[in-house]
Amino acid sequence: MMLLIVLFALAAIVWMLPLIQTARTFQLATLVLVTGTVLGPAFFSIDGPIQLSLDRMLWGAMFAFVAIRWRMGELKLPQLNRVDAVVAAITVWLLVSVMIGGADPPKEAPPIAKWLFFIAMPVGMYVIARISEVTESDLQWGYRVLLGLGLYLAVMAIFEVSGMHALVFPRYIVDPKDWEFFGRGRGPLLNPSGNGIVMCTALVIAVLGVIRSTYRMRAVYLVLSALLLVGVYCTLTRSAWMGAIATVGTVALIYSPRWVRVLGLATAVFVGGAGVLGLKDQLLHLKRDKNLTSADAEKSVQLRPLLAVVAWEMFKDHPITGHGFGHYFAHSSKYHSIRSYDMPLENARPYAQHNVFLAILVDSGLIGLSMLIVMLVTISGMAWNLARNQGHSVAIRCGGLIWLGTFAAYFCNGMFQDVTIIPMVNMYLFFVAGIAVSLYERGVETRRVEQPRHVGSFSPVSLAQ
């Protein structure tokens, strides 16, 4: 084990030298996301008081690098704005919520670990995005990386579903011992919803390529977009499909005339409603996991009303402060025994909340939920203004659209899953949030901007037009 640590440290030093020399914290943060997605704790970890993995060590090294730059006077901290204040407030409140939640839940990870890995570390990514001096070449580099990562996830998802397991990397993705979601496109995050959200982030870039590229490049981006959509389909997850539709619709909403947007929305509601009514039985009985039957899939749908009732009863007891972040299972047991509802609430006992907003409401009360909603709505307003402002460069407008597309996928999946506890999802959400807020507040740095290679076309290599 010690040999592996030494080898990783040596490799990390070599890897980080070019970034240190060019002082590009934005690029280093992007590499943290890639490492956490592909080579996260499931790939390699060191257990101890705090579980260490490659991405977590790289995250720590990134902040050490930022501290050195700040100490040397090379980093100028931006002026705090209202979004920064809300992000700081919700981070502190959730920590307080952990402390006041009482005893740790049995047979579950400590709530402080949930706060550290699913809240504090993602907020750290937001901080990095806010303090980084981002140039358009940085944005181009980041978009290329995110598009490439999404395509990798799509290809792996196709291999998973088609049974071509010999081609899947990392190998733990198709390890049948980890049975949950096995047989679906769960990817290196081992969760099809999380996999779908990351692919939707890449889908924004690919769809923008279709819209803004030259005729010659449009076919390439059509193929890439189709590949990403197939990858999302291979998650065999309804919420992921909805997220992909919402992502594409969000980009189309920005670039369509008003009458097209109104007509498209009405058509989507009509067709979607008719499709759901016509395919209700097929959707309920859809078999997805290899180890689960279609009856199990139907049970998954039927659990959500039960969990909503439990959430309502828990909310009534602690509406303002909640029961404590990460303490759901420590307090939920008695609510499954309520007999006033003619519903089998006992069936939902082993399950966490399947809605991110209900999960936050139950754990942290109206205080936590209100701050989360304020944060999401405010950032979405900033991103909408960025995306709609034709005076900005394509790279800056794309920064706003990436937040809108990612949030659309996050929202659709979050209505059916507690996406807070899916590995890396909050890391992406807070990072793209920080990008959108920074671009809205101060735009991009003008130094070291590369000239576009293909004038008049949209591509991850030439976003700066």
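Lys 114 counts as buried at 17% relative accessibility (buried is under 20% relative accessible area, exposed over 50% and partly exposed in between, with a 1.4 Å probe and protein chains only). The exercises below concern a predicted model, in which local features need pLDDT of at least 70 and side-chain atom pairs count only at pLDDT 80 or more, while totals for chains, interfaces and linings use all residues. Residues are numbered from 1 along each chain as its sequence is written, and side-chain values use heavy atoms, with hydrogens and water left out.

**Exercise 1.** Determine which acidic residue forms a salt bridge with Lys 114, and which parts of the chain this pair ties together.

*Solution.* Begin with the partner: Lys 114 forms a salt bridge with Asp 363, their closest N and O atoms lying 3.8 Å apart (the criterion is a side-chain nitrogen of Lys or Arg within 4 Å of a carboxyl oxygen of Asp or Glu). Next, place the two residues: Lys 114 belongs to helix α5 and Asp 363 to helix α14 (residues 356–388), so the bridge ties together parts that are 249 residues apart in sequence (helices are DSSP runs of H or I, at least four residues, numbered from the N terminus). Then consider accessibility, where Asp 363 counts as buried at 4%. Finally, look for a ring: Lys 114 also lies over the face of Phe 325, at 4.6 Å from the ring centre (NZ of Lys or CZ of Arg must be within 6 Å of the centre and within 35 degrees of the ring normal). Arg 56 makes a contact of this kind too, with its charged end over the ring of Phe 117, 3.6 Å from the centre.

**Exercise 2.** Describe where the salt bridges of Glu 133 and Glu 313 are placed in the chain.

*Solution.* The structure holds five salt bridges. In one of them, Glu 133 pairs with Arg 69, with the closest N and O atoms 3.8 Å apart. This pair links distant parts of the chain, since Glu 133 is in the loop between α5 and α6 (136–162) and Arg 69 is in helix α3 (residues 54–71), 64 residues apart; both residues are buried. Glu 313, by contrast, bridges to Lys 316 at 3.2 Å between the closest N and O atoms, and these two residues both lie in helix α12 (residues 294–317), three residues apart, about one turn of the helix. Glu 313 counts as buried at 12% relative accessibility, whereas Lys 316 is partly exposed, at 43%.

**Exercise 3.** Classify the ring pairs Tyr 328–Phe 329 and Phe 407–Tyr 410 by their geometry.

*Solution.* The model has 10 aromatic pairs (rings of Phe, Tyr and Trp, the last by its six-membered ring, with centres within 6.5 Å; planes under 30 degrees apart are stacked, over 60 edge-to-face and the rest tilted). Tyr 328 and Phe 329 are 5.4 Å apart centre to centre with 80° between the planes, an edge-to-face arrangement. Tyr 328 is buried at 7% relative accessible area, while Phe 329 is partly exposed at 25%. For Phe 407 and Tyr 410, the centres are 6.5 Å apart and the planes at 25°, so this pair is stacked. These two residues are three apart in helix α15 (residues 394–414), about one helical turn. Phe 407 is buried at 18%, as is Tyr 410 at 3%. As a last step, place this pair in its surroundings: ring pairs link Phe 357, Trp 403, Phe 407, Tyr 410 and Phe 411 into a cluster.
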